[in-house]
Amino acid sequence: MRRRIPSTAALSAFEAAARHESFTRAADELHMTQSAVCRQIAALESSLGVELFRRTRRGVKLTAAGLAYGRRVAERLAALERDTLELMSSRGQGGVIELAVVPTFATHWLLPRIPAFQREHPHIQLNLHTRVRPFLFDDSGLDLALYAGDGHWPGCETRLLMPERLIAVCAPALIAPCKRISPAQLAGLPLLQQTTRPHAWRRWFAAAGVDTDRSLQGPRYELFSMSVQAALLGLGVALVPDFAAEAELAAGRLIEPATSPCESDRAYYLALPESQPASQAVQVFARWVMQR
């Protein structure tokens with residue numbers, strides 16, 4: 001059965017004209033004449049039976065239908081270009097994986113392990129995309145995700161990768177000349193808050209048996225890496241995953257001023273969408289990362 005898909009030449013001309021809202025600028029970008037762009041778009045409108053542009057004395061303006069169609073065409077052309085470049089780069093061998101991962105986990109846990117993966121699987125290309133908030137896999141172009149949560153992700157198969165252990169860290173100068181302080185004393189220091197863990201300090205103090213009204217006070221940071229950097233600069237005490245501060249603790253740039261037997265309410269999971277079959281490359285990576 002023949003597919004009702006316009007030519008890529010017509011779609012490329014339309015996408016460029018829609019982006020610029022100008023046939024002239026689209027022609028310059030595509031190295032075509034303006035009349036050639038006009039013919040491609042006229043043929044596309046005729047084929048669709050829908051007006052995509054309104055012609056005015058000052059040029060052209062997208063119709064409502066043209067605006068909506070332009071967004072979708074841009075997404076599809078970008079995906080097609082990406083797939084083409086990936087096929088060319090891999091020369092048809094191995095595969096390409098589009099992985100969503102929370103930023104600090106990617107930087108401090110995953111990336112140091114990637115060289116080992118590449119040595120074992122040199123024909124698989126791993127592309128990383130950072131995500132902080134929950135998202136839908138549908139139409140995202142992503143194959144799988146490593147994320148922090150409770151393991152419940154609608155429409156996904158999730159596998160527990162590792163629990164999250166949050167520790168309090170600060171610059172040594174913040175409590176000098178002391179090396180250690182009590183959780184009650186820590187409550188009097190500036191507390192660095194994590195946007196994605198708004199009640200983390202409250203849980204930490206509760207587990208330590210400390211009653212304080214300061215657990216929600218302090219500047220907020222969206223990424224754990226920002227909190228670590230703020231702690232290094234002496235701005236306060238950060239509550240971060242142990243792997244995020246491992247290097248700084250080992251080098252003595254950060255210390256753990258006090259401890260509390262607090263378990264995080266989150267863990268790190270591998271998530272695979274149930275709506276799309278996992279490629280061989282995705283299956284290889286999933287098995288590999290679960291063994292780390």
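The largest cavity in this predicted model is lined by Leu192, Gln193, Gln194, Arg197, Ala200, Trp201 and Leu239. About 40 Å³ of space lies inside this cavity, and the structure holds one cavity of 30 Å³ or more. Strand E8 (191–194) and helix H8 (200–208) each contribute at least two residues to the lining, with E8 giving the largest share, three residues. Sorted by class, the lining of the largest cavity comprises four nonpolar, two polar and one charged residues. Rolling a probe the size of a water molecule over the atoms is what reveals empty space of this kind.

Open space comes next. The largest pocket holds about 500 Å³. Of the 30 residues that line this pocket, Val102, Val132, Tyr147, Ala148 and Arg266 are the closest to its centre. Strand E3 (95–101), helix H5 (103–110) and strand E5 (144–149) are the elements that give two or more residues to the lining, and E5 gives the most, with five residues. The pocket lining divides into 18 nonpolar, five polar and seven charged residues.

Helix H5 deserves a second look. Six of its eight residues are buried, so H5 is largely enclosed by the rest of the structure. The buried residues of H5 are Pro103, Thr104, Phe105, Ala106, Trp109 and Leu110. In general, an α-helix has 3.6 residues a turn, so residues three or four places apart point the same way.

Phe105 also leads to the nonpolar interior. The largest nonpolar core has 59 residues, and those touching the most other members are Ile97, Phe105, Leu146, Leu186, Trp201, Trp204 and Phe285. Helix H11 (residues 280–290) gives the most to this core, namely seven residues. Another core, of 18 residues, lies apart from it and includes Ala16, Ala26, Leu52 and Leu62. Two residues of the largest core can be followed into other parts of this account: Trp201 is among the residues lining the largest cavity, while Phe105 is one of the buried residues of H5. Leu146 offers a detailed view of the packing: beyond its neighbours within four places in sequence, Leu146 is in contact with Leu99, Ala100, Val101, Val102, Phe105, Leu110, Leu161, Tyr269, Leu270 and Val289.

Two further buried sites show how separate parts of the sequence come together. Ile167 sits in strand E7 (residues 166–169). This residue counts as buried because its relative accessibility is 3%, under the 20% cut-off. With neighbours within four places in sequence set aside, the contacts of Ile167 are Ala238, Leu239, Val240, Asp242, Leu249 and Glu256; Leu239 is also one of the residues lining the largest cavity. Ile167 and Pro257 are 90 residues apart in sequence, yet their C-alpha atoms are 9.6 Å apart in space.

Ser264, by comparison, is placed in the loop between helix H10 (246–251) and strand E11 (267–273). Ser264 is buried, with a relative accessible area of 15%. Its side chain makes a polar contact with the side chain of Glu164 at 2.7 Å, and the side chain of Ser264 also reaches the backbone nitrogen of Arg266 at 3.1 Å. Outside the four places on either side in sequence, Ser264 is in contact with Glu164, Leu166 and Arg203. Arg266 appears again among the residues closest to the centre of the largest pocket.

The backbone holds a few details that a careful reader may wish to inspect. Most residues other than glycine have a negative phi, and most peptide bonds are trans. Against that background, the peptide bond from Ala176 to Pro177 is cis, with omega near 5°, and Pro177 belongs to the loop between E7 and helix H7 (183–186). Glu21 has a positive phi of about 50° although it is not a glycine. Glu21 lies in the loop between helix H1 (8–20) and helix H2 (23–30) and counts as partly exposed, at 29% relative accessibility. His31, likewise not a glycine, has a positive phi of about 55°. The loop that holds His31 runs between H2 and helix H3 (34–48), and His31 counts as exposed, at 72% relative accessibility.

Methods. Residues are numbered from 1 along each chain as its sequence is written. This is a predicted model: local features need pLDDT of at least 70, side-chain atom pairs count only at pLDDT 80 or more; totals for chains, interfaces and linings use all residues. Side-chain values use heavy atoms; hydrogens and water are left out. A nonpolar core is a set of buried Ala, Val, Leu, Ile, Met, Phe, Trp, Tyr and Cys residues joined through side-chain atoms within 4.5 Å. Buried means under 20% relative accessible area, exposed over 50%, partly exposed in between (1.4 Å probe, protein chains only). Helices (H or I, at least four residues) and strands (E, at least two) are DSSP runs, numbered from the N terminus. Contact means heavy atoms within 4.5 Å. On a 1 Å grid over the protein atoms alone, a cavity is a set of points where a 1.4 Å probe fits but cannot get out, and a pocket is an open set with protein on both sides within 12 Å along at least five of seven lines; lining residues have an atom within 4 Å of a point. Grid points are joined across faces, edges and corners, and a volume is the space filled by probe spheres set on the points. Ala, Val, Leu, Ile, Met, Phe, Trp, Tyr, Cys and Pro count as nonpolar, Asp, Glu, Lys and Arg as charged, and the others, Gly among them, as polar. A polar contact is a pair of N or O atoms within 3.5 Å; within protein, one must be able to donate a hydrogen and the other to accept it, and residues adjacent in sequence count only if both atoms are side-chain atoms.
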